[in-house]
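Here is a short round of questions on one protein model. Have the sequence and the 3D view ready.

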Amino acid sequence: MHNRNRSWWRLAVWLLVLFGVQQAFAIPREDNTEKEENLKQQASGGLFHRWTFDQPSSEAALGDFSQIGLGEGPTGVWAIAPETQAPSPPHILKAASACQAEFCYRMLVANKLEYEYPDVSVSLRSPGDGKGGQGGIVISVKDSENFYAAIVDLAAKKLDILRVLKGQVTLLGQTPITPKPVEWHSLRIQRDTIISKDVIDAFFDGLLVLSVRDQSLGKGQVGVVVDRNSSLDFDSLHAIPLFSQRPFSAPAAY
């Protein structure tokens with residue numbers, strides 16, 4: 001009997017210790033109010049944005065954007081054009097660059113809008129003018145010399161993720177892609193933090209094709225980019241902040 005009482009006492013102590021450890025290491029719950037506040041801390045200028053470029057003039061459609069560029073050469077040309085077969089008709093954004101420099105990026109970034117961990121997507125296509133389609137999405141844009149870029153080369157069927165830091169271009173990752181047999185393609189970029197490591201994921205035509213890790217840049221603007229002597233058509237640009245990683249309920253005990 002004495003040994004049985006001792007066993008029960010040990011079991012009770014063990015359960016109390018286990019419960020205390022779980023409580024100490026459990027991820028705190030986050031309600032809707034806290035989640036919304038955490039989102040606001042990740043973004044400035046508003047949370048959810050969508051640009052369809054459907055105003056009839058370039059001045060009206062591009063009033064919320066600024067043009068910046070890295071590399072010597074002519075500036076980029078950004079214009080609104082009618083397109084009844086666009087993902088969001090009746091207009092699209094046409095981008096063109098005549099720059100011949102090795103590293104030349106012409107960007108259109110959203111004004112007064114910054115995200116730390118963004119989820120950005122856009123529809124794009126090669127315009128068929130002989131220059132090919134090379135461009136994509138930029139995030140964490142501080143200025144023309146500091147940003148991340150996801151560049152799709154539709155002719156070469158590849159996707160690059162670049163880091164530009166103080167004007168120095170670094171290839172963080174590259175992968176071949178298989179475009180679907182459609183006119184318009186989708187590109188989506190997410191920057192997230194997982195266990196104190198920042199991850200950039202690139203999705204092309206709905207598939208996750210490339211993931212890289214880098215923490216050099218943080219909160220910044222988002223937008224679209226065209227690469228070197230190239231042209232590209234864009235439509236339906238979306239930008240939202242990613243939700244924080246804390247779940248609504250505590251994790252299961254093991």
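Q: In this predicted model, which glutamate in the 180s has a side chain in polar contact with the side chain of Arg125, at 2.3 Å?
A: Start from the side chain of Arg125. At 2.3 Å it makes a polar contact with another side chain. That partner is Glu183.

Q: Which other residue offers its side chain to the side chain of Arg125, at 2.9 Å?
A: The contacts of Arg125 beyond four places in sequence include Ile92, Leu154, Trp184, Leu232 and Asp233. One more residue in that set makes a side-chain polar contact with Arg125 at 2.9 Å. It is Glu83.

Q: Is Arg125 buried or exposed?
A: Arg125 is found in strand β8. The cut-off for buried is under 20% relative accessible area. Arg125 has 9% relative accessibility, so it counts as buried.

Q: Which residue makes a side-chain polar contact with Asp119?
A: Asp119 also lies in strand β8, which spans residues 118-125. Leaving aside neighbours within four places in sequence, its contacts include Ile189, Gln190, His238, Ala239, Ile240 and Leu242. The polar contact between side chains, at 2.6 Å, is with Arg188.

Q: What is the relative accessibility of Asp119?
A: Buried means under 20% relative accessible area. Asp119 counts as buried because its relative accessibility is 7%.
The value is 7%.

Q: Which cysteine is joined to Cys99?
A: The structure holds one disulfide. Its S to S distance is 2.2 Å. Cys99 is buried, and its partner is too. That partner is Cys104.

Q: What is the handedness of the link of Cys99 and Cys104?
A: Look along the S-S bond. The angle about it is 125 degrees. The link is right-handed.

Q: How much space lies in the largest cavity?
A: The structure holds one cavity of 30 Å³ or more. The space in the largest cavity is about 40 Å³.

Q: Which strands each supply at least two residues of the lining of the largest cavity?
A: The lining includes Ile137, Val138 and Ile139. Tyr148, Ala149 and Ala150 are among the lining residues too. The strands that each supply at least two are β9 (134-143) and β10 (146-153).

Q: How many residues of the lining of the largest cavity are nonpolar, polar and charged?
A: Ile161, Ile189 and Ile200 are also among the lining residues. No residue of the lining is polar, and none is charged. The nonpolar residues number nine.

Terms used. Residues numbered from 1 in each chain as written. Predicted model: local features only at pLDDT ≥ 70, side-chain atom pairs only at ≥ 80, totals over all residues. Heavy atoms only, no water. Disulfide = S-S within 2.5 Å. Buried < 20%, exposed > 50% of the residue type's maximum accessible area, 1.4 Å probe, protein only. 1 Å grid on protein atoms, 1.4 Å probe; cavity = no way out; pocket = protein on both sides within 12 Å on 5 of 7 lines; lining within 4 Å. Points joined across faces, edges and corners; volume = space filled by probe spheres on them. Helix = DSSP H or I, 4+ residues; strand = E, 2+ residues; numbered from the N terminus. Nonpolar A, V, L, I, M, F, W, Y, C, P; charged D, E, K, R; others polar. Polar contact = N/O pair within 3.5 Å; in protein donor to acceptor, adjacent residues only side chain to side chain. Contact = heavy atoms within 4.5 Å.
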